[in-house]
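Visitor: I have a model open and would like to talk through its strand pairing and its charged contacts. Could we go step by step?

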Amino acid sequence: MTDQENAFPQQNSRIAIENVTPEIDVGHFALKRTMGERVTVEADIFGDGHDVISAILKFRAAKSPDWQEMPMTFLLNDRWRGEFSVSEIGVHLYTIEAWIDHFQSWRRDLKKRLDAKQDVSVDLLVGAEMVEAAAKKAKGPDAEQLLAWAKILREKKTSPERALDPQMAGLMAGYPDRRIATVYTRELRVTVDPPLARFSAWYELFPRSLGAEGKHGTFKDCEAALPRIAEMGFDILYLPPIHPIGKSFRKGRNNNPKCQPGEPGSPWAIGSSEGGHKSIHPELGTIDDFRHLIEKARENKIELAMDIAFQCAPDHPYIKEHPKWFLKRPDGSIQYAENPPKKYEDIVPFNFECDDWRGLWQELKSVFEFWIEQGIRVFRVDNPHTKPFAFWEWCISGLKRKNPDLIFLSEAFTRPRVMYRLAKLGFTQSYNYFPWRNTKYELTEYFAEITRPPVSDFLRYNLWPNTPDILTQFLQSGGREAFMIRLILAATLGASYGIYGPAFELCENAPREPDSEEYLNSEKYEIRRWDLSAPQSLAGLIGRVNRIRRENPALQSDTGLRFHRTDNDQLLAYSKMTPDKSNLILVVMNLNPYYTHSGWIDLPLDEFEIDTHRTFQMHDLLTDTRFFWHGNRNYVELNPHRFPAHILRLRRYTRTEHDFDYFL
């Protein structure tokens, strides 16, 4: 046997620490939290024999050398739990330490001996030695008190019951003997993001459509639109790519491969002789105009989000400057993007397998860095699932080391494992399958998956009922009522949601062709003029829903979502509640945009801490109507042509029995 085979373990340990949660992929990835949230950690902790175990949760900011500690609590069957709060943006670390607690074991056994009326004189001397050892580690009054307790234990006239004094046990808990403690083998990470990563409402618009009739819109026109967007209650204004648009193979109206003179092309076909990813389309304005727009947005309490699409038009400067970054076909032409049978001749993808991949990575990272220098803190990233995972992990971690407040929204409508991997790699939020989940079964099953660990520890969903690429069949066929339903679902099921603005406000629902999710006269390929004062506008409802979100903390988090039983599959009922139960919102939705539906809803009033024998009030925040409910089961009827939903705040009688107060 070699010396290596006979080597001793690194630590003399009697404790096992297993099945730690949350722990993302054996600690390779960080879980996500925002400022002020708590991290609840559990683990199986056990040792040999029957000695008492103590355990602590250790945590610190990555930039701090000093650990903070919180005691862990025994639950059941060797399962332990501890919690800590995160109040600073950036990376934090946590781990677990556990040890055999000889003093607590001694104290437990002493009580058993005393109950059995045994002689404990020697046991008291053993305890005195432990207390004296703790006194050597203590300072000031604690040390003096511990020495005094040791003296008491050594006195022959001392009543043995004094050894069980809780005051002495409390002092000893502060100075445990951790010489043979076990520390968990990994230091786990948590990424702490700004509150906007947890709770936000996004509004997407094309600046070029904001100009006067016959004119291309500008950043100045965007500034003029800011007060209206702020009045509707949006936190983030998202702009599609603002760069020069390629002229080669430019797409025309309705995605026509033949572009007519004067047609603007797709903003996602980035780059021309006027510049590339670090340039601005000349008709939008200058870099100074863009910086001014960022400032004006913040004056309106709006953060500007920028689209990053790593792809090029055929006349992008990169094509000539770095030809090795692109794939050439045997005939010498550059490979354009395609998803057979679809062809996208106006877009050329990067070849991430090229020999100069390091140079490509560095340049793409510098695109983010350039716009960060201009003041951008929020990025929506186009199709990240078509770029290497390793690139995103390297790029995002590098950017956030210098700017931990950055937010990245992943536009990855792709397979679940790919979507989840991107979230683990560092994307702050993610698009998801919400647009296509319409029935009660689909919604409850899907949200049960993404709102519970382990998925909820690394993925934050952002719910979009529509995008410039997605006009679902539900919106196409359901009329204005369908838009109302999807708005309220998105805004209340998710703490973060967004809409492709004017099109959603005005209930735009005409597809380019049957069985297509593409818009007719899509704004992606032409400049649109929107009559925002049209009678079908949902601006008033949108503003009301966003105000409800801001006034009710229960809707500002994705935790605590719970579905409730209804006896009608066209009715969906769910609630959200703050941890202290001071704010509780119940949403009841008629999922059918055509017909009135009614039914009975079952609520767990005991868990809501409402007396099942007393009447309580339900305040509909949408209509300011108040209902009196009684018991666990209550009746609801919803006409979608009026309001398809109730957003109900639960209230109960105050002690005066005469008026109502917020639910406590």
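Guide: Certainly. This is a predicted model. A starting point is strand E3, residues 38-47, which pairs with strand E7, residues 79-85, in the antiparallel sense over seven bridges.

Visitor: Which residue in E7 does Glu42 stand opposite?

Guide: Glu42 stands opposite Arg81.

Visitor: In what order do the strands of the open sheet run?

Guide: The open sheet has four strands in the order E1-E3-E7-E6, with antiparallel pairing. Strand E1 (15-21) and strand E6 (73-76) are the edge strands, each pairing on one side only. From one strand to the next, the twist averages 35°.

Visitor: Now the charges. How many salt bridges does the structure hold?

Guide: The structure holds 46 salt bridges. One of them joins Arg14 and Asp48, whose closest N and O atoms are 2.9 Å apart.

Visitor: What does the pair of Arg14 and Asp48 tie together?

Guide: Arg14 lies in the segment before E1, while Asp48 lies in the loop between E3 and strand E4 (53-61), so the pair ties together parts that are 34 residues apart in sequence.

Visitor: And how exposed are Arg14 and Asp48?

Guide: Arg14 is partly exposed, with a relative accessible area of 29%. Asp48 is also partly exposed, at 40%.

Visitor: What about a pair within a helix; where do Glu299 and Lys296 lie?

Guide: Both lie in helix H6 (residues 287-299), three residues apart, which is about one turn of the helix. Their side chains meet in a salt bridge at 3.4 Å, N to O. Glu299 is exposed, with a relative accessible area of 58%, whereas Lys296 counts as partly exposed at 27% relative accessibility.

Visitor: Let us move on to Asp558 and Lys576. Are they buried or exposed?

Guide: Both Asp558 and Lys576 are buried, that is, under 20% relative accessible area. They form a salt bridge in which the closest N and O atoms are 3.9 Å apart. Asp558 lies in the loop between helix H15 (539-551) and strand E22 (562-564), and Lys576 lies in strand E23 (residues 571-577), so the pair ties together parts that are 18 residues apart in sequence.

Visitor: Which residues do salt bridges that share partners join into one network?

Guide: Glu42, Asp44, Arg79 and Arg81 are joined into one network in that way. Two of these names came up earlier, as Glu42 stands opposite Arg81 in E7.

Methods. Residues are numbered from 1 along each chain as its sequence is written. This is a predicted model: local features need pLDDT of at least 70, side-chain atom pairs count only at pLDDT 80 or more; totals for chains, interfaces and linings use all residues. Side-chain values use heavy atoms; hydrogens and water are left out. Two strands pair if DSSP finds at least two bridges between them. Helices (H or I, at least four residues) and strands (E, at least two) are DSSP runs, numbered from the N terminus. Axes are lines fitted to C-alpha atoms, for helices over the stretch in contact, and angles run from 0 to 180 degrees between N-to-C directions. A salt bridge is a side-chain nitrogen of Lys or Arg within 4 Å of a carboxyl oxygen of Asp or Glu. Buried means under 20% relative accessible area, exposed over 50%, partly exposed in between (1.4 Å probe, protein chains only).
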